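Here are my notes on the model you asked me to look over. Please read them with the structure open.

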Amino acid sequence: MSPALRTLQADDGQHPAQLALALGRELWAAGARSCASCHGEPEKLRGVAARYPAFDEGLVDLPGRIQRCRVRHQQLPAWAPEAEPLLALTALVAQQSRGLPLQPPRGPALDAAAARGQRLFTARTGALNLACAHCHDERAGLRLGGSLIPQGHVDDYPVYRLEWQSLGSLQRRLRGCLNGVRAALPAWDSDELLALEVYLSRRSAGMPMQPPGVRP
Ligand code: HEC
Ligand code: HEC
């Protein structure tokens, strides 16, 4: 990452996601059956984001877990994928794990998902016939068009992407890469995307989390 972006990411005063984080705090406390009424202060969720994706009656990533609380515990309708309140709450919860190493959980279902994710990561796909690994393992650090190819680590998600002018989830990022190779886009929360997330979280295991990240 460029020094300028690193500075933005590290400085809470300049961080482009600060409005979203403030919205997240408002939402956390809002309503009769608020998040706060069950969970207390957001700070109490330190370490939670480091343990996702998880398995609980199916694979679930952090935004998915928050959706479940909204539906199961608040009895409110689920938000649309990438809805502003969902991203704001995800960023707020993830931020509490800053500095902690990513520690994705294990278990039979998660191990199977990681194996599937690894197969997807290394399989050629799309009209360009490229695998994730062709870019993120073999060409990391090189340039593609104007952008630097990153290693594809996931310890900073959700991220504020300057190009999007908003926060975005890891699923949005993955769909963006699949779109880039002209592949069919898997549905939001599909087993494919979740399996990739599980594999990527293991590939990034141990890295200190800095969410929300800032990206070009
Ligand atoms: C009525 C109580 C209740 C409310 C309201 C509630 N939750 Fe939860 N939440 C739970 C319970 C219980 C769990 C444990 C998993 C389960 O049983 O669904 C949980 C789990 C979680 C987790 C995962 C914790 C972990 O250790 O893995 C997150 C993150 C979370 N909730 C966020 C939220 C957010 C954000 C809101 C508001 C939009 C919210 N919750 C509203 C009860 C609640
Ligand atoms: C043709 C090369 C290419 C392929 C193939 C590709 N990506 Fe990417 N990927 C990129 C580039 C370039 C970026 C950074 C985009 C930017 O910053 O503008 C990126 C970003 C990412 C990131 C975000 C990393 C970060 O630090 O924020 C992840 C995760 C990722 N890709 C995963 C994948 C996965 C999974 C696949 C396969 C489904 C894939 N990519 C396929 C080029 C590729």
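The points below cover the metal sites, two helix pairs, an annotated region and some backbone details.

1. Status of the model. This is a predicted model, and the remarks that follow should be read with that in mind.

2. Iron of ligand 1. Two protein atoms coordinate the iron atom of ligand 1, namely NE2 of His39 and SG of Cys69, at 2.0 to 2.2 Å. The six donor atoms around this iron atom subtend angles of 86 to 179°, and the arrangement is therefore octahedral. His39 belongs to helix α3 (residues 35-39) and Cys69 to helix α4 (residues 62-73). With the two positions 30 residues apart, the pair links distant parts of the chain.

3. Iron of ligand 2. Which residues supply the protein donors for the iron atom of ligand 2? They are His136, through NE2, and Cys177, through SG, and they lie 2.0 to 2.3 Å from the metal. The site has six donor atoms with angles of 86 to 179° among them, and it is octahedral. Here too the pair links distant parts of the chain: His136 sits in helix α7 (residues 132-136) and Cys177 in helix α8, 41 residues apart.

4. Helices α8 and α9. Helix α8, which carries Cys177, spans residues 170-180 and packs against helix α9 (residues 191-203) at an angle of about 105°, the axes being 10 Å apart. The two helices are therefore roughly perpendicular to each other. On the α8 side the contact is made by Leu170, Gln171, Leu174, Arg175 and Leu178; on the α9 side it is made by Leu193, Leu194, Leu196, Glu197 and Leu200. Sorted by class, this contact has seven nonpolar, one polar and two charged residues.

5. Helices α2 and α5. The axes of helix α2 (residues 18-29) and helix α5 (residues 84-95) come within 8 Å and cross at roughly 95°. That crossing angle makes α2 roughly perpendicular to α5. From α2 the contact draws on Ala20, Leu21, Leu23, Gly24, Arg25, Leu27 and Trp28, and from α5 on Glu84, Pro85, Ala88, Leu89, Ala91, Leu92, Val93 and Gln95. By class there are 11 nonpolar, two polar and two charged residues in the contact of α2 with α5.

6. Annotated region. An unreviewed UniProt entry carries the annotation "domain: Cytochrome c" for residues 112-204. Over residues 112-204 the chain is 43% helix and 11% strand. The C-alpha atoms at the two ends of this stretch are 18 Å apart.

7. Cis peptide bonds. Where does the chain place its cis bonds before Pro53 and Pro158? The bond from Tyr52 to Pro53 is cis, with omega near 0°, and Pro53 lies in the loop between α3 and β1 (54-55). The bond from Tyr157 to Pro158 is also cis, with omega near 5°. Pro158 lies in the loop between β4 (147-148) and β5 (159-161).

8. Positive phi values. Glu82 is not a glycine, yet its phi is positive at about 65°. Glu82 is found in the loop between α4 and α5, α4 being the helix that holds Cys69. Asn129, likewise not a glycine, has a positive phi of about 55°. Asn129 lies in the loop between α6 (108-122) and α7, and α7 is the helix that holds His136.

Notes: Residues numbered from 1 in each chain as written. Chains lettered and ligands numbered in written order. Predicted model: local features only at pLDDT ≥ 70, side-chain atom pairs only at ≥ 80, totals over all residues. Heavy atoms only, no water. Axes fitted to C-alpha atoms, helices over the stretch in contact; angles between N-to-C directions. Helix = DSSP H or I, 4+ residues; strand = E, 2+ residues; numbered from the N terminus. Parallel < 35°, antiparallel > 145°, perpendicular 65-115°, else oblique. Contact = heavy atoms within 4.5 Å. Nonpolar A, V, L, I, M, F, W, Y, C, P; charged D, E, K, R; others polar. UniProt positions renumbered as here; feature names shortened; annotations may be inferred. Donors = N, O, S within 2.8 Å, 3.2 Å for Na, K, Ca; no water. Tetrahedral: all angles 85-135°; square planar, octahedral: opposite > 155°, others 65-115°.
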